[in-house]
Every structure is written in structure tokens, then in C-alpha cells.
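Reader: Please show me the structure, and then let me ask on what grounds its contacts receive their labels.

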Amino acid sequence: MKMLLCLLSATSLYGLTIQEAETKAMQSSPAVQLGNLQAEQNAAQYAQAFLSWFPEITFGSMVAMLEKSQKISHLQRQKFLFSNQFTLTQPIFSSSLLGNLNLARIIKEGGEVGKEFAVNESLYLVRTHFLQFGLKTQKASLEQVKLSYLQKMFQDEEVKLKSGRSTGLQVAKAKAAISQEIIQELNSKSDALKSRHELALLLRLSSDDESNLTFDGMPSLDLYPILCEKQRLLQTYIEKNTLTKSPSKTILFKEGEIEQMIAAAKANRPELKRTSLLVKAANAKRTQSITQYLPEISGFVDFGYYQPINGQFLRQRNEWAGGIQLSWSLFDSLKREMKSKETIAYKKAAKLTYAFDNERLELSIRQDLSDIEEALFIYQNAQENMFLAQRALEESEVSYSSGSLSEIQLQDTQRFVAESDYLLAESQAALLQKYYQLQHDIGIPL
């Protein structure tokens with residue numbers, strides 16, 4: 001037992017934790033960075049639409065050369081004409097500006113939702129790759145443990161063959177097992193390097209950082225209180241139904257708890273938020289299509305030269321003028337009517353999409369919770385198998401010391417412990433993967 005623990009500790013991994021990987025991903029993920037930039041761009045578009053309601057001041061200047069000189073007075077004629085004019089325009093009512101402002105506000109909200117979407121997807125992606133990297137790396141380490149066992153078995157078989165306690169066939173089998181295990185180890189190392197490279201690309205690590213990237217072990221369930229709580233409930237259920245012939249169905253997640261998670265998902269899932277914004281945009285477009293029949297009204301104040309256009313560039317009879325300007329499109333060949341039909345169809349499609357996504361999200365949450373329950377059972381079973389394997393190894397070591405157990409049998413027990421340890425890690429990774437999927441579907445990444 002001590003020899004196995006020493007060997008396992010010698011191959012234990014250290015370095016990157018799940019929290020460090022998540023932090024690094026948030027800092028270096030191109031998707032997160034692009035989401036932030038898109039949000040800034042959308043905010044700037046909203047600011048433009050909002051500022052369009054403020055006054056606008058323009059300056060116009062003109063110089064013209066006439067074919068014939070213009071008579072200014074009895075003694076003066078002028079061939080060049082000049083005009084300078086300042087204009088201040090203030091929108092009073094504009095259906096297009098109002099519609100653009102509402103749409104820009106929705107687009108701005110979409111930018112924030114885009115940031116949430118990028119964070120949610122990036123976190124789920126880095127967590128998945130982290131688990132794969134750890135599992136592949138631990139698999140390679142366990143293959144080394146198994147290979148060392150087989151090599152020792154081969155040496156023992158050779159010693160037994162010389163003493164007449166084994167046959168050439170047994171030695172050949174032991175040698176073939178080593179050859180097969182070497183292939184398994186090489187494949188495991190290749191898979192571990194591949195998964196490490198994928199994680200390094202996701203974290204945007206340099207080649208040097210990638211070569212130094214190591215694994216700090218599977219995330220503990222203590223990091224996730226809900227998993228610890230459900231595991232305790234499962235252990236209590238198993239203890240109560242150990243001797244029951246027909247155990248009752250276990251329900252780790254009650255209906256009220258499920259409804260709360262579904263409500264949280266509907267409030268936080270970025271994809272659903274995005275669909276709801278499409279509904280808002282459809283309503284805004286519909287309102288804009290109705291108000292497009294109204295006139296455009298604006299106020300203006302001018303300071304410049306009006307009649308006639310003559311004088312000199314800096315010597316003009318400049319005058320003030322102000323008023324209200326109304327622009328009303330009375331007929332445009334039914335283009336506005338067709339636009340209204342388009343927005344009605346768009347609004348119906350957006351509402352239908354939102355309703356469908358709502359229903360599908362509820363099914364996803366229920367399936368995620370069912371998967372977590374199944375994964376908890378598998379993880380609990382793997383823990384019990386690991387406990388039994390360790391007890392079997394302890395008893396085998398005692399029996400071997402007393403001479404009632406052969407060395408080959410002891411080595412088989414040691415290999416069984418190594419395999420049980422890996423299966424425990426595999427079940428733990430599967431459980432965490434299901435939990436990360438639930439967090440992703442709810443839309444609360446941290």
C-alpha cells in the first residue's frame with residue numbers, strides 16, 4: 001500500500017487550478033474582448049441617436065462669378081457675389097429620429113447581452129477543456145503506474161521460469177501485456193499533450209508557458225455547495241434503503257427548486273435575453289412604421305443674407321430669421337404600407353421564436369438536473385469502489401506478508417486500485433461537466 005501511494009504521489013500533478021484557468025480566460029479570450037468592444041460600439045451608436053435630438057448649427061458660404069455684372073447701385077456693378085449664412089436647427093418631432101433612438105437603446109442592451117454571452121460561452125469552454133486536460137493527464141499518469149506493475153510482473157515471471165515455477169507461455173503473456181501497455185501509454189501521453197495544447201490555445205499561452213503548464217487536480221466538490229448538499233442527500237438515501245427490497249425513487253431536486261432554476265435561467269440566459277430583445281426591436285419597428293405617417297417638425301434660426309444675393313464677403317446686410325418647418329409625406333407609392341406589413345410579420349416571428357426558446361430552455365434545465373442526479377450516483381458508486389479497492393489492497397498486503405497470497409495476486413490488486421482511482425476521477429470530471437452545463441444553461445457563469 002505504501003509503495004502504491006508513493007508511486008501515485010510521484011506522478012501527482014500540480015500547477016493550474018480551475019479558478020486560475022477561468023481568470024486567465026476572462027483576461028485573454030478574444031470572444032470576451034470582442035464582446036466588450038461591440039458593447040462600446042453599440043453604446044456609441046445609442047449616444048449618436050440620443051444627440052440627434054439636440055440643436056445642430058451649420059455654416060454655409062457661397063461665392064459666385066456672374067456672366068453679366070449685377071447692378072448694386074447707380075455707381076456700382078459687381079461681377080462676384082458672396083453669401084454667408086449660419087443656421088441652427090432643432091428637431092421638435094421626428095418619427096425617424098424617435099424610432100432610431102428606441103432601436104439604438106435596444107442595440108445598446110444587446111451589446112451588454114453580447115458581453116454576457118461571450119463570458120458564459122468562454123467560461124464553459126475553458127472549464128470543459130480544463131477537465132479534459134486533467135483527465136487525459138491523469139490517464140497518462142495511471143498508464144505509467146500500470147506499466148510499472150506489468151514490468152515487475154514480467155520480471156517475477158522470468159524469475160519463476162528459472163526456478164521452474166512458471167512456463168514460457170506465462171512469460172510470453174507478461175511480455176505481450178507490456179507491449180500492449182506501452183502502446184496505451186504512448187497514446188495517453190499523446191492525448192494529454194493534445195488536450196494541453198487545446199487549453200493553451202484557449203488561454204492564449206506562449207509556447208514556453210504551454211510547456212510549463214501542469215494540472216493541479218480535479219476541482220473539489222467543496223467549491224460547489226449545491227453538489228455537496230445533493231451528495232449528502234444521496235448518501236442518506238442509500239443508507240436508508242440499503243436493505244429495502246423496493247426502494248422509493250430518489251428525488252435530489254424538488255419541483256420548487258427546479259422551478260427556481262428555470263426562473264433564474266429565463267432571467268439570466270443570454271440567448272433568451274437576446275431573443276427578448278428581438279421582440280422589443282420588433283415592437284419598436286412596428287411603432288416606427290405607424291408613426292411614419294406623421295409629419296416631421298423642426299424649428300430653425302438663420303442668420304445670413306437673404307435678398308438679393310449680393311454685396312461683399314464681409315459687407316453684407318445680414319438678417320435674422322426663424323420659424324417652424326414642417327415636412328409631411330402624403331403619398332409614397334404604398335412603400336410605407338409594405339413596410340408596415342413587413343414589421344407585422346417580423347413581430348410575429350420574434351414572439352414565436354421567444355416562446356419556443358422559453359419552452360426549450362425549461363426542457364434543458366430539467367435534463368441538466370436529471371444528468372446531475374445520474375452523475376452523482378455514478379460518482380458515489382466510484383467512491384465506494386475506490387474504498388473497497390483500498391481495503392482489498394490492505395488485506396492483500398497482509399495476506400501476502402503471511403504467505404497466503406501470491407505476488408501476482410497482489411499486483412492484480414494494486415492495478416485494480418490504480419484503475420479504480422482513475423474511474424473515480426473520471427466520474428468526478430463527468431459530474432463537474434454536468435454541473436458546468438447547468439451553469440451555462442442558466443446563464444450565471446460565476
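Author: The exchange below takes up aromatic pairs, charges over rings, salt bridges and burial in turn. The model is a predicted one.

Reader: Why is the pair of phenylalanine 59 and phenylalanine 86 called tilted?

Author: The structure holds 8 aromatic pairs, this one among them. The ring centres of phenylalanine 59 and phenylalanine 86 are 4.7 Å apart, and rings pair if their centres lie within 6.5 Å. Their planes meet at 45°; since planes under 30 degrees apart count as stacked and those over 60 as edge-to-face, the pair is tilted.

Reader: What makes this a link between distant parts of the chain?

Author: Phenylalanine 59 belongs to strand S1 (residues 56-71) and phenylalanine 86 to strand S2 (residues 77-93), with their positions 27 residues apart in sequence.

Reader: Are these two rings buried, exposed or partly exposed?

Author: Phenylalanine 59 has 48% relative accessibility and phenylalanine 86 has 43%. Buried requires under 20% and exposed over 50%, so phenylalanine 59 counts as partly exposed, and so does phenylalanine 86.

Author: Tyrosine 224 and tyrosine 436 form another aromatic pair, which is edge-to-face.

Reader: What makes the pair of tyrosine 224 and tyrosine 436 edge-to-face?

Author: The angle between the planes is 80°, and edge-to-face calls for over 60 degrees. The centres are 5.8 Å apart. This pair also links distant parts of the chain: tyrosine 224 is in the loop between helix H6 (207-211) and helix H7 (225-240), tyrosine 436 is in helix H11 (residues 407-442), and they are 212 residues apart. Tyrosine 224, at 8% relative accessibility, counts as buried, as does tyrosine 436 at 1%.

Reader: How do you know that lysine 230 sits over the ring of phenylalanine 253?

Author: The charged end of lysine 230 is 4.8 Å from the centre of that ring. The cut-off is 6 Å, together with a position within 35 degrees of the ring normal.

Reader: What makes the contact of lysine 230 with glutamate 257 a salt bridge?

Author: The nitrogen-to-oxygen distance is 2.9 Å, and a salt bridge needs such atoms within 4 Å. Lysine 230 lies in helix H7 and glutamate 257 in helix H8 (residues 255-268), so the pair ties together parts that are 27 residues apart in sequence. Lysine 230 is buried at 2% relative accessibility, whereas glutamate 257, at 21%, is partly exposed.

Reader: Why does the contact between glutamate 143 and lysine 146 count as a salt bridge?

Author: Its N to O distance is 3.9 Å, which satisfies the requirement of within 4 Å. Because the two residues are 3 apart in helix H4 (residues 95-162), about one helical turn separates them. Glutamate 143 counts as buried at 2% relative accessibility, and lysine 146 is buried with a relative accessible area of 15%.

Author: A further salt bridge joins glutamate 271 and arginine 269, at 2.7 Å from N to O. Glutamate 271 is partly exposed at 24%, while arginine 269 is buried at 14%.

Reader: What joins Lys139, Glu143, Lys146 and Glu419 into one network?

Author: Salt bridges that share partners do so. Lysine 139 also lies over the face of tyrosine 422, 4.8 Å from the ring centre.

Reader: Why is leucine 393 called buried?

Author: Its relative accessibility is 0%, and buried means under 20%; leucine 393 therefore counts as buried. Leucine 393 is located in helix H10 (residues 335-402).

How values were computed
Residues are numbered from 1 along each chain as its sequence is written. This is a predicted model: local features need pLDDT of at least 70, side-chain atom pairs count only at pLDDT 80 or more; totals for chains, interfaces and linings use all residues. Side-chain values use heavy atoms; hydrogens and water are left out. Helices (H or I, at least four residues) and strands (E, at least two) are DSSP runs, numbered from the N terminus. Buried means under 20% relative accessible area, exposed over 50%, partly exposed in between (1.4 Å probe, protein chains only). Rings of Phe, Tyr and Trp (its six-membered ring) pair if their centres lie within 6.5 Å; planes under 30 degrees apart count as stacked, over 60 as edge-to-face and the rest as tilted. A salt bridge is a side-chain nitrogen of Lys or Arg within 4 Å of a carboxyl oxygen of Asp or Glu.
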